Amino acid sequence: LANLYVALQKIMEKINGRCPSQGNSHQSYQPFSQQLPVSFRLPPVPIQARVNKAVLGGKEIVQKTSANSAFVNNDPFIPLNPLTTEEIRVFEDKKAADNNARKRRRSSEFDKWKRPNSQETPWLSDECTVKYTSVVQRLHYEILEFVDYLLPTDLERLLRAYVIKRIEMAIKAVYPTAEVLAFGSYNTDLYLPTSDIDLVCFIHQRNPLRDIVSILARNNICEGRPIAIANAVVPIIKFKEKHTKFNVDISFNQASGFGSAAAMKLFMKEWPSLGKLVVTLKYFLHHHELDDPACGGMGGYTVFCMVLSFLQLHPEIQKGVVVPEDENLGVLLIEFFELYGIHYNYEDLAIRVAKDKKSGLNVGYYRKKYENWTTKDPITNICIQDPSDSTNDIARSTKNMRMIQDEFQHAFERLVTRVGYLERCTPRDEDGTFRDLQSQSILSSISFINSDIRKRRDQLYKDYKNGVLGSVLSQYGTDPSRFLRHHDVDIIIETFRFEIAEADRLRNFKFARIRNKNDKHHIPPSPKKRERSPVYIEESSDMEMSDEFISDYYIPNDRKLRNGTDDYNGKRRSKKRHKRERGD
């Protein structure tokens, strides 16, 4: 530090045009702080005792300062001023109070609605000319605008069809008799811009995961290397398509998805407004990152059956007082959040959305403990019977039901608060209708469109117009039916009936093990640690610890006694086995 001050002094002398002093090299010099004008200097503060917050051995060190301290003598080294004990206590109390106030402010702003910008609410439209007599009526039409924005565009349908065709051609080049079909939300048109493409491959092979992974990697279809999950209840391959960036899941010889899709289509014909509520709730869960069943979230099929049960058992709908399509989607959305966020008993009740052919039980709520298909662990998990398979609980993977219930409750409170505010503060015309209510957003209080979806759609459009996708798809046109041929599902299932039966057997076997594990409500005791055999090594011994000696060290004493031999070389052979190996 002294050398630094000397260098700074020389620099200042050169700047001022003075030559360096030629006097004694050991003469005293002033620090840089003392070369400033007097008005810019900090006067020395005499402090008798200060506390340094360094702790050695759990004790605080108190530094004594005197009149001959560095502050008075203007030494080159000036230590930082430590605080007194009282100053430290006041500072820590103030810091804790600031943190608590910041937490309260953040929690209060969490429930406070903030006006979103136009990019976060792109579904708002000025084309609607409805004269609103209530705010929930506006919420109904906003849900329609929201769903119209989220539903796939023509370009997204074309690109998804192209991805399916590309995967099918790659697999058929190696296995000509294989069939690749899409199922799930792709068949029901209830998928979001961020939804996965669910495919099933029917193939005359028992374990084709490794071969299909090599085919996908060899044809440069996936971005990176695919992930094969062979130990799951349903073995699956997950990857991201290289050009479109769509996530793809491929399962093998599973025919249950087509029965579920057929049942969903029948329910959607019976309830025309069912799909709109499902799309709204699916994006709500996606917005809060609770839509992945692999991470304990809620899948799209579970959301579909929850909304279906809500509509089936709604008392006003059963009486015919409320018609969902008659500008009542806003009211039904709020009541859905109220039911599953506040009132529903997740611990005791299970849901049935279709009549059980075996037991003859009809639609309704049933006790979990009397239903053998329900998932018992965790007890707070929602249980919904599969309409196409009475032995399957479609919500068994939804482990984070507590978090989802909390989000439903928060959504109910925010929607009610937002609707009440607009009812009070929005001006009305002479005929009693609301003025300028079309520009107001209610759904933005629970979710909004993030930048990922907007950027993804813009990037797909650019790649289609100017990139590789445009050059590849230009020869096919803009009709997705050019990529997808009609499949007779019944014939395919009949052709691969033996492979489907084997896959169902393995799936039921794995699921039975999970169910038996879930039925156990007690916590097994932790195994007792066995005592290790003593090892005595003389300090003066030069013996090397061989592998046999080390293995003997980690053999429990009780195992040695059970073997009935004094062989301590680590092989642990019993007397009978020892004689059998010798040939006696």
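Here are some notes to help you find your way around this predicted model.

1. A good place to start is helix α8, which covers residues 256-270 and so has 15 residues by the run that defines it. From its first C-alpha to its last it reaches 22 Å, close to the 21 Å expected at 1.5 Å a residue. Several of its residues are buried: G257, F258, S260, A261, A263, M264 and F267.

2. Next, have a look at a small piece of sheet. Strand β10 (residues 385-386) pairs with strand β11 (residues 389-393) in the antiparallel sense, over two bridges. The two strands make a hairpin, with two residues between β10 and β11. Within this pairing, D386 is found opposite D389 of β11.

3. What about the cysteines? A search of the whole structure for disulfides finds zero. Two cysteines you may like to locate are C201 and C383: C201 has a relative accessible area of 0% and is buried, and C383 is likewise buried, with a relative accessible area of 0%.

4. Now for the aromatic rings, where the count comes to 17 aromatic pairs. One of them joins W123 and F146: the ring centres are 4.9 Å apart and the planes stand at 90 degrees, which is over the 60 degrees required, so this pair is edge-to-face. W123 sits in the loop between α3 (85-110) and α4 (135-150), while F146 belongs to helix α4, and the pair links these distant parts of the chain, 23 residues apart. W123 and F146 are both buried.

5. F202 and F496 form another aromatic pair, this one tilted, with 5.9 Å from centre to centre and 35 degrees between the planes. Because F202 lies in strand β4 (residues 197-202) and F496 in the loop between α16 (489-495) and α17 (497-518), the pair ties together parts that are 294 residues apart in sequence. F202 is buried, at a relative accessible area of 1%, and F496 counts as buried at 2% relative accessibility.

6. Which residues form one aromatic cluster? They are F284, F310, F336, F337, Y340, Y344, Y346, Y365 and F408. It is worth colouring them together in your viewer.

7. Finally, two arginines are worth a look for their contacts with rings. R160 has its charged end over the ring of F246, 4.5 Å from the ring's centre. The charged end of R457 sits over the ring of Y149, at 5.0 Å from its centre.

Terms used: Residues numbered from 1 in each chain as written. Predicted model: local features only at pLDDT ≥ 70, side-chain atom pairs only at ≥ 80, totals over all residues. Heavy atoms only, no water. Helix = DSSP H or I, 4+ residues; strand = E, 2+ residues; numbered from the N terminus. Expected span 1.5 Å × (residues − 1). Buried < 20%, exposed > 50% of the residue type's maximum accessible area, 1.4 Å probe, protein only. Disulfide = S-S within 2.5 Å. Pairing = 2+ DSSP bridges. Phe/Tyr/Trp six-rings, centres within 6.5 Å; stacked < 30°, edge-to-face > 60°. Lys NZ or Arg CZ within 6 Å of the ring centre and 35° of its normal.
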